[in-house]
Each structure stands twice: as structure tokens, then as C-alpha cells.
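Here's a walk through one protein model, feature by feature. Have the viewer open and follow along.

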Amino acid sequence: MNKKSNAVLRLIGILLLTIAFCVLGYLNAKNIKLGLDLNGGVSITYQTVEENPTAEQMSDTVYKLQMKAQSYSTEAQVYQEGKNRINIDIPGATDANEILAELGEPGTLQFADEDGNVLLTGDDVKTATAGMTNQNNNREYVIELHFTEAGAAKFAEATKNNVGKRIFIIYNNEVISSPNVKEAITGGQASISPIESYEQAQKIASTIRIGALPVSLTELRSNVIGATLGAEAISTSLQAAAIGIALVMLFMLCVYRIPGLAASLALFMYVGLEMVLMQAFEVTLTLPGIAGIILSIGMAVDANVIIFTRIKEEIGAGNSVDKAIKAGFEKALSAILDGNITTLIAAAVLYVRGSGTVKGFATTLAIGIIISLITALFVTRGLLTAFYALGATNPKLYGIKKDTKVFNFIGFRRIAYSISSIVIIVGFIFLAMNKKNTGDIFNYDLDFKGGSSTTITFDKDLSMKEIDSEVIPLFTAATGGNASTQAAKVAGTNEVIIKTRTMTTEERTQLYNSLQEKFSISEDKIVTENISGAVSTEMKKDAVWALLIAIFCMLIYIWIRFRDIKFASASVMALAHDVLVTITFYAVLRWAVGSNFIACILTIVGYSINATIVIFDRIRENLHNGTKKKGLEYVVNEAISSTVTRSINTSLTTFISVFVLYIFGVSSIRDFTLPLMVGIVAGAWSSVCIAGPLWFDFVILSKRKKEQLIKK
């Protein structure tokens, strides 16, 4: 069989595989879990048995319930309502009774000895999880317990005094487990085994977690709530996605020709694979999640752009097309792997250490990275070699990169530093002004600051379109034009729940009068309660720590791969620059800071590191070839100049995807995409004008220090 026949078979195989994944993706898309904004879910309200719990007890309970609720969905929201109520919203669920049965009735948890003496309480338990061990081919189900610092000490003493005896785990006066103590257990961790089945282990672990709450709770009400956004919002977002993908493909075809066609076909497989894996990993999809997918599609072309730029260079250097394709993939491999592995490390840390939106973001990010690597390194390559074998041998079909004009980026660096510094300083000034004028450095949304939740029972079942056009304007007017308004319907009733910023007594009076006048409903059908933010203090801390640990891990990886701490330091400073510039716009323009703010910042960090890695990879390459003879300044200038087209094209394709979503998307999507566009521009600026020059300055500073030490 000749090369042409092989190429035809390869092309047919890839196309059939692409079609198969697209069909599977379409079918799986129907089974993907949808968030509260797209499909509604179950809302459960608990009330404390004790009438006046402390603020600390309520905060701790909210956080622990958040961890519990995330076993159903990473997008679950838990927030305080009034002084002694806690509300749990679980997206995608449709049966409140089923969730209640699985969640369990929060009660009292105790650990007692055989004489009935209480050894520990639920306050001493940090968490409990089901697990499985496999020793000598013997599968055993276990429950892993983790205690607080105080609980660890109590448990160590309890097990020491009860070796050979049983410790009873009692929940609401009922023994749920009675493990035998084999030895004294220290270190704050313990396991209960054997358990009959994994389902049984999950049930007991769930009961321990729900019983480890600081206060006892009882169910007050539960209902199914409808989607907070109408079908029109979903259709416009999907329309934006289609237009964005089409524009990216058109751009790739115009700029890269035959390689652009290969990348466009691979992009179809990318979308199909992403849908399949999102359903397989049970990722809960929200509108910001759709934005994240579209963003990841924009980022997916990044690896292709790196490869195609290298192919152009090889053709420009006089190599034949087939050799250029082979060399292009080989030379681009290190930059692609380093950039994606760095971001993948960040995603792994964010998933393990983060919670809520952070965990959902990390899952989507990791899936996108893995698929982009597969499609770029295997699918695109297979298509290119097939096209070449079928007769696409003319270098003009692949593009020829002209000789690089080396721009003096090192000479421009002081101007670049000054521009960035001024922008960041302005941001800090506005943060201080905001703090002085409003008491908060940011314009915190409901998710962060909490607000008021108003439940209205209308005389008829209003559609989301009617709520948006007739009810929401009354809330907007009452709150002085505040845009932070969230609405949801309670399924099977005429009730509508609307959340706004905290309303004063006068604003509530105005709202009640407006509702009664417009809809002829009595005041007793309108109930307003203050609610806490859905993003708790602990979740904010989790997000900050996750981000810091992720950046630290990226620094270590870059240090090891480039064998130079100066590369790692410059890359982290460039990341900090991008985050601070974005924060400046949040502060100056008073953009609302909600749960999407965390995902937005994390997206910018994950995105901008790629461009920096590509430039550093070219600097590393120049240091090992003849370019080094022309001086360190030329090494950096040539590296940036030769990759600047790639940086611009990648940023442009991503910007196009996000911009289309901004134009066609609903308000909540615009709140997410606008800062992302700022982050994309800031990332391109820092990669080209900041990161490389910073590394150059670090090298010069290091040499000067060595010279000073030698003189001494």
C-alpha cells in the first residue's frame, strides 16, 4: 500500500473519529448536570434547634454544610438566612425528599466508651470520607476520620484507655458504628474497618459529617426552584459560542491555511471530547461554565499556533514541507508541554485545596488542557501529514515566515515597567478610596456580602420573562438602581424568590407598596429575610490559599525545568502583574465582585502563564545555540521578537471568543467576560514586555552581586 493510500485511510479514520466524538458529545451534552441558573435545583432551609446560636457557630456550620453539599455538586451554594437559618441550594436536583434523605437530618454526634462515657463530640471531627483498601488482593471498605487539633488529642487519649474495647459512634442516640480499638491512635487520623460495602461506608461517613456540626438543625422547608435564567439566555449564549468558534476557525484558516484547516477539524473533536468528559466526570455546568468552555476553546488553538509558527520558520529557513512539519512539532513540544503541565499543576492544586467555584473551575480547566494536548499533538499532526501525502506540498499552503525583525524590547523595558506600575498604583489608590468611601475595597456582590432574600407568592404563575420585565424593575427602583439582583421560581407554586443587596426598612416599604399596587397582592404574601454571602469566609481563605499554593508549585516546576530560579521568579511576577492590573479595573470601574471573580482571576493566571513559558522556552533555546554570542540583550530581544506573532495571534483568538460572548451574552456573562478581556490583554502585555526583560534584569543583578563578592 503506497503513502497516498495510507494518507487517505488516516484522513478517513480521523474524520470518522471526529464525527463519532461530535455525535457522542452531542448525546452526552443532554446528560450534563446543569446549574441553578440553567436548570434550577433543590433548595432546603434548616433552622437551628437552639434559638440564639453564636455567629461563630453559624459560620462554622455553613462551611461544613458547604463541604457536605459539594458531594452533590461543586456549584452547590450554602448561606445563612436570618439569625438561625441556613439555606442549601443544590443545582440539577429535582427531588427534594430524596436529597433530604441522602443529606440526613443534622443532629448530635458523640463518641462514647462501653460504660457510656462521652469521649468526643461532633465538634472534634473535621471530616469523614468513605474509602477502599486493597491489600494482598483483599478488597476492604473503610471510613477515614480526620479530627481537629483538640479532637486528635482527645482521640489519642480515648484509644489509649480503650485498647481491646469498643468505641461507640452515636448519632441522635442511635449507634451507627462500634469499631474495636486495636491500639492507641495518634496523629489526628483514624480508619474504621471493615465495612460491608462502599455504599454503607458512604452512608456512615455522611452521617458523621452531618453530625459533626457545631449546632443541631431541623428542616424548616424544602422545595424545587426553577432556573434563575430563562431559555432565551441559554440560547443566546450557545449562539455566541457557535459564532465565536466559527470566527476562530476563520481566523486560523486565513492566517495558517492548510495547518489552520487541520486545527479547525481538530477543534471539532476537541468540543466533542470535552462534552463526553464533562458528563463522565459529572461536572455541573453553569453559564459561567459555558464561558469557561468557550475560553478553553480559544486557548486550545494556542498549542497549534506554537506548532504552526515553528513550521513557518522551518520553511523560511529552506527546509522542505515534510521536514518542516516534523521539525515544527519537535521544536514546539517542550514549550507546549511546559506551558500545559504548569497550568495542569495549578488545576490539580486548585481542585484539591479549593472549594465551590474553584473546584468546578479546576475540573473544567484540567479537562480542557488534557484534550488540547491530545488534539494538537496527535490529531492535528495526523491531519497535516495526511494532507501533505495527498498533494498539499506547496510551501505557500503553509506560509513562510520572513526574517524576524528584532525589536529592542530590553531598551523599551523601563517604559513598559512605568506603564504597568502606574496602572497598578492607580488600582491601589482606588482600593483605598473605595474603602474610605464605602467601607469595602471592592463592590462586593451578593455572593460575597450577602443581602436580602424576598419570597413573593403571586396570584398566578409568572414566567421568567415576565419576572425580568415586570418584577425585577421594582426591586431595581427600590434599591436605587442596584444591578445585583437574582431571581428564581419555586417549582409547582406561584412563589418567586428574589435576592438583592441588603435593603433598608424604607426600601422594603417602598418595594412592598410597589408590589401591592402593581400585582394586587397582600403584604402577608411578601416575606423578606437577610441572607449571608454564598461565598463564606472559609471559602475565600480556601481560594486564596489554593491560588498561592498553585503559584508556588508552578514556580518550583519552572525552576526545575529551566534550572534557573530567575525564570521562575520572572514568570510569577508576570502573573502577579496580570492579576493586579485586572484588580485595578475592578476597583476603578466598580465592577461587581461575586463568586465569578474567583474563577476569573484563576482563569487569567492559568491563561497568561502559557505565553510566558513560550518566550522563556525560546530564550533557553537561544542560550544553547549561536545566538548567545551576540550578547544576552540580543538573546532576549530575538526570543520575544520571534514569538510575538504567536503571542498576538493566540491572544486574539481567545479575545474573539470572549468578546463574542460579551456581545451576545446576558448580564451575568458580561460580568464574567469583561474582566477576562482585560486579563487577556494584560497577559499579552506582560508576556511580551515584562516577563523577558525581568529575567534579563535578574541575570544582570545576579552578575553584579557575584562581581561584588569577588572584589571583596
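## Glutamate 330 and helix H10

Glutamate 330 sits in helix H10, in what is a predicted model. With a relative accessible area of 47%, glutamate 330 falls between the 20% and 50% cut-offs, so it counts as partly exposed. If you want a distance to check, try isoleucine 307: the C-alpha atoms of glutamate 330 and isoleucine 307 are 8.7 Å apart, with their positions 23 residues apart in sequence.

Helix H10 spans 321-353 and is one of the elements that give two or more residues to the largest nonpolar core. More on that core below.

## The overall picture

Zooming out, the protein is built from 20 helices and 17 strands. It has 712 residues, and 53% of them count as buried. Take the contacts with a sequence separation of 6 or more: 78% of them are between residues 24 or more positions apart.

As for the outside, about 32100 Å² is exposed, and carbon and sulfur atoms supply 57% of that.

## Two nonpolar cores

Which residues have the most contacts inside the largest nonpolar core? They are Phe616, Ile619 and Trp695, in a core of 67 residues. Besides H10, the elements giving two or more residues to this core include helix H12 (409-438), H16, H17 and helix H18 (595-623). Helix H19 (632-664) and helix H20 (667-711) are also among them. In general, nonpolar side chains in soluble globular proteins tend to be buried together.

Leaving aside residues up to four places away in sequence, isoleucine 619 touches Phe567, Val635, Val636, Ala639, Gly692 and Trp695. There's also a second, separate core, this one with 55 residues, including Leu11, Ile14, Val321 and Leu383.

## Two buried residues

Serine 651 belongs to helix H19. Its relative accessible area is 11%, under the 20% cut-off, so serine 651 is buried. What does serine 651 touch, once residues up to four places away in sequence are set aside? The list is Tyr607, Ile680 and Ala684.

Over in strand S2 (residues 77-81) you'll find tyrosine 79. Tyrosine 79 has a relative accessible area of 4%, so it counts as buried too. From tyrosine 79 to methionine 58 is 9.7 Å, C-alpha to C-alpha, and the pair is 21 residues apart in sequence.

## A nonpolar patch outside

Now for the surface. Val8, Ile12, Leu16, Ile19, Val23, Tyr26, Leu27 and Leu390 form a nonpolar patch there, and together they have about 720 Å² of accessible area.

Is leucine 16, a member of that patch, buried or exposed? Its relative accessibility is 53%, over the 50% cut-off, so leucine 16 counts as exposed. You can find leucine 16 in helix H1 (residues 3-29).

## Strands S4, S8 and S9

Strand S8 (residues 168-171) pairs with strand S4 (residues 109-112): the two run antiparallel and are joined by four bridges. One pair to look at is alanine 112, whose bridge partner in S8 is phenylalanine 168.

S8 also pairs with strand S9 (residues 174-177), again in the antiparallel sense, over three bridges. Here isoleucine 170 stands opposite valine 175 in S9. The hairpin of S8 and S9 has two residues between the strands, and asparagine 172 takes a positive phi near 50° in it.

## Backbone oddities

If you're checking torsions, there's a cis peptide bond between serine 193 and proline 194, with omega about -5°. Proline 194 is in strand S10 (residues 189-195).

Two arginines have positive phi values. For arginine 257, phi is near 60°, and the residue lies in the loop between helix H7 (231-256) and helix H8 (258-280). For arginine 563, phi is near 55°, and the loop in question runs between helix H16 (537-562) and helix H17 (565-589).

How exposed are they? Arginine 257 has a relative accessible area of 40%, so it counts as partly exposed. Arginine 563 is at 76% relative accessibility, which means it counts as exposed.

Note on methods. Residues numbered from 1 in each chain as written. Predicted model: local features only at pLDDT ≥ 70, side-chain atom pairs only at ≥ 80, totals over all residues. Heavy atoms only, no water. Buried < 20%, exposed > 50% of the residue type's maximum accessible area, 1.4 Å probe, protein only. Contact = heavy atoms within 4.5 Å. Areas by Shrake-Rupley, 256 points an atom, 1.4 Å probe, with all protein chains shown as cover. Patch = residues over 30% accessible without salt bridge, like charges linked within 9 Å, V, L, I, M, F, W, Y side chains within 5 Å. Salt bridge = Lys/Arg side-chain N within 4 Å of Asp/Glu carboxyl O. Pairing = 2+ DSSP bridges. Core = buried A, V, L, I, M, F, W, Y, C linked by side-chain atoms within 4.5 Å.
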